[in-house]
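Hi,

Here is the structure I said I would pass on. Have a look at it first, and then read my notes below.

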Amino acid sequence: MARKNNFDMLNGSLLDKIVMFALPLAISSISQQLFNAADLAVVGRFASPEAMAAVGSNSSVIGLIISFFIGLSVGANALIAMQIGGGHKDEINDTVHTVITLSLIAGFALILIGFFISKPILVLMAAPENVMGLAILYLRIYFFAMPAIMVYNYGSAVLRSKGDSARPLYAMLMAGVINILLNLLFVIGFHLHVIGVALATVLSNMFGAGYILFILMNEEEAFRLSFKKLKIRKKYLIRMMQIGLPAGLQGAVFSLSNVVIQSAVNSFGSDAIAGSTAAANFDFISYCAMSSFVQAGVTFTSQNYGARKFERCKKVFRICMGCGVGISAVVVFVLVTFRYQMISLFTTEPAVIDFAMIRIMNAFILHFLIGSYEISGGCLRGMNHSLSPALISIFGTCVFRLIYVFTYIPKHHDFGTLFRVYPISWAITGVITLTVYFIVRSKET
């Protein structure tokens, strides 16, 4: 079962290796989003718009709560990649066990956190009364999947650090198929509406996490997982936090801005929530395609930075930026062209479709701009500069959005105007992050 790293990131050509590394990540992320979209489609088609809104109204809440912990996995990826590049293989096994132990602690903590804050946070977000009960129920069940979600993401980060992006894809694809089958069984067969969707999520994620643990338990010695050795090693936790903590805080604050925007969406009613939720899948698909090159940028830059090969770091940036922004632009073009056909897969309600189209044409059409700050920020983290991209993103994608929502939207209460905050914030954040990247790179190299 042990598998050696197929990617020599320190020597030879880069374009083909980056593409081959990023392709499974892109397929994995897009497939995962399509599986999530299937959740909404099943609920929207076979339950009710209220049930669809209940599931959709939770997406920003879930993102807010778990994004901090998922962000820490970026630190795990970068740290192990630097250990590989710097030839410190004797440190890898202790780091792997620290990473997996942290994932388990975070996962079980999130079950408790999610149970107690589900109702208060949905009340704070002013979720409509006709979806409140279903939304609380869905969220509380969903959080039982947190240990599995954490283990899958942290374990996948370990594998990606040495170039293995394929087997996390296999785990996700199998879990996704299980999720869809269970959705159909629970929602259509047993009429469990949002309960069925949440249960399917829990069970399918448990399978994906179990598969990742099986892989790690049979890896080559440096990466091999043993439950007897699970322990937090302070030295590696601190080094992982130095990179991952800013990324986690960035993700949490970014999600906070989305919670505020979701609260504003809630003020337009359940049709607006359902329409925004359906259209948000377009954003996720585009982001997943582009973010595979963000992760490639982190991993390839980390290994070459650890080996002090700075010219290759520059080339990694150029390739990842060109490929990431390019693939996102293609996805945007295709989805905008077929937007009506795609949205009709989720709902046939005219009012819901209208709200979805407003979000698509005011925000999603410029979604490729995200690559300007995500990819440059990823390469900065690969060079052990994690704080600056985090602070920039906190300002550009959170502070600016909060100011916009609280000062401009009350005077211009329009659905399209609300979603124009996204492309404006992407452009601001992109310009600043790119500037900082080139300044840091000039000093480092």
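What follows is a run through the aromatic rings, a pocket, the cysteines and a few single residues.

One thing before the details: this is a predicted model, so please read every value here as computed from that model.

**Aromatic rings**

I started with the rings, and the count is 17 aromatic pairs in the structure. Take Phe355 and Phe415: their ring centres are 4.8 Å apart and the planes make an angle of 75 degrees, an edge-to-face pair. Phe355 belongs to helix α13 (residues 350-362) and Phe415 to helix α16 (residues 415-419), so this pair ties together parts that are 60 residues apart in sequence. Both Phe355 and Phe415 are buried.

Phe419 and Tyr422 are also a pair, and here the geometry is stacked, because the planes are at 25 degrees and the cut-off for stacking is under 30 degrees. The centres of these two rings are 5.9 Å apart. Phe419 has a relative accessible area of 0% and is buried. Tyr422 counts as buried too, at 7% relative accessibility.

If you colour the rings, pick out Phe268, Phe355, Phe415, Phe419, Tyr422 and Trp426 together, as ring pairs link them into a cluster.

**Charges over rings**

Two other rings have a charged side chain over them. The charged end of Arg140 sits over the ring of Phe115, at 4.7 Å from the ring centre. For Lys162, the ring underneath is that of Phe223, and the distance from the charged end to the ring centre is 5.3 Å.

**The second largest pocket**

Next, a pocket. The second largest one holds about 160 Å³ of space. Which residues line the second largest pocket? The lining is made of Leu79, Met82, Gln83, Gly86, His88, Glu91, Arg239, Gln242, Ile243, Gly306 and Asn384. Helices α3 (59-85) and α9 (234-266) are the elements that each give two or more residues to that lining. By residue type, the lining divides into six polar, three nonpolar and two charged. The two charged ones are Glu91 and Arg239, and the three nonpolar ones are Leu79, Met82 and Ile243.

**Cysteines**

How many disulfides are there? The count comes to zero. Cys288 shows how this works out: the closest cysteine sulfur is in Cys320, 17 Å away, which is too far for a bond, because a disulfide needs the two sulfur atoms within 2.5 Å. Cys288 counts as buried, at 11% relative accessibility. Cys398 is buried as well, with a relative accessible area of 3%.

**Exposed phenylalanines**

Three phenylalanines are worth clicking on for their exposure.

- Phe333 lies in helix α11 (residues 310-337) and counts as exposed, at 61% relative accessibility. From Phe333 to Leu181 it is 31 Å, C-alpha to C-alpha, with their positions 152 residues apart in the sequence.
- Phe406 has its place in helix α15 (residues 387-408) and is exposed, with a relative accessible area of 57%. Its C-alpha atom is separated by 21 Å from that of Ser270, and the two are 136 residues apart along the chain.
- Phe116 is found in helix α4 (residues 92-124) and counts as exposed at 60% relative accessibility. Phe116 and Gly378 are 262 residues apart along the chain, and 34 Å separates their C-alpha atoms.

**Positive phi values**

Last, two backbone angles to look at. His193 has phi near 35 degrees, which is positive although the residue is not glycine. His193 lies in helix α8 (residues 193-217) and is partly exposed, with a relative accessible area of 29%. Arg308 is another non-glycine residue with a positive phi, near 60 degrees. Where does Arg308 lie? Arg308 is in the loop between α10 (270-306) and α11, and at 48% relative accessibility Arg308 counts as partly exposed.

If you only open one view, I would go for the ring cluster that includes Phe355, Phe415 and Trp426.

Cheers

How values were computed: Residues are numbered from 1 along each chain as its sequence is written. This is a predicted model: local features need pLDDT of at least 70, side-chain atom pairs count only at pLDDT 80 or more; totals for chains, interfaces and linings use all residues. Side-chain values use heavy atoms; hydrogens and water are left out. Rings of Phe, Tyr and Trp (its six-membered ring) pair if their centres lie within 6.5 Å; planes under 30 degrees apart count as stacked, over 60 as edge-to-face and the rest as tilted. Helices (H or I, at least four residues) and strands (E, at least two) are DSSP runs, numbered from the N terminus. Buried means under 20% relative accessible area, exposed over 50%, partly exposed in between (1.4 Å probe, protein chains only). A charge sits over a ring if NZ of Lys or CZ of Arg is within 6 Å of the ring centre and within 35 degrees of the ring normal. On a 1 Å grid over the protein atoms alone, a cavity is a set of points where a 1.4 Å probe fits but cannot get out, and a pocket is an open set with protein on both sides within 12 Å along at least five of seven lines; lining residues have an atom within 4 Å of a point. Grid points are joined across faces, edges and corners, and a volume is the space filled by probe spheres set on the points.
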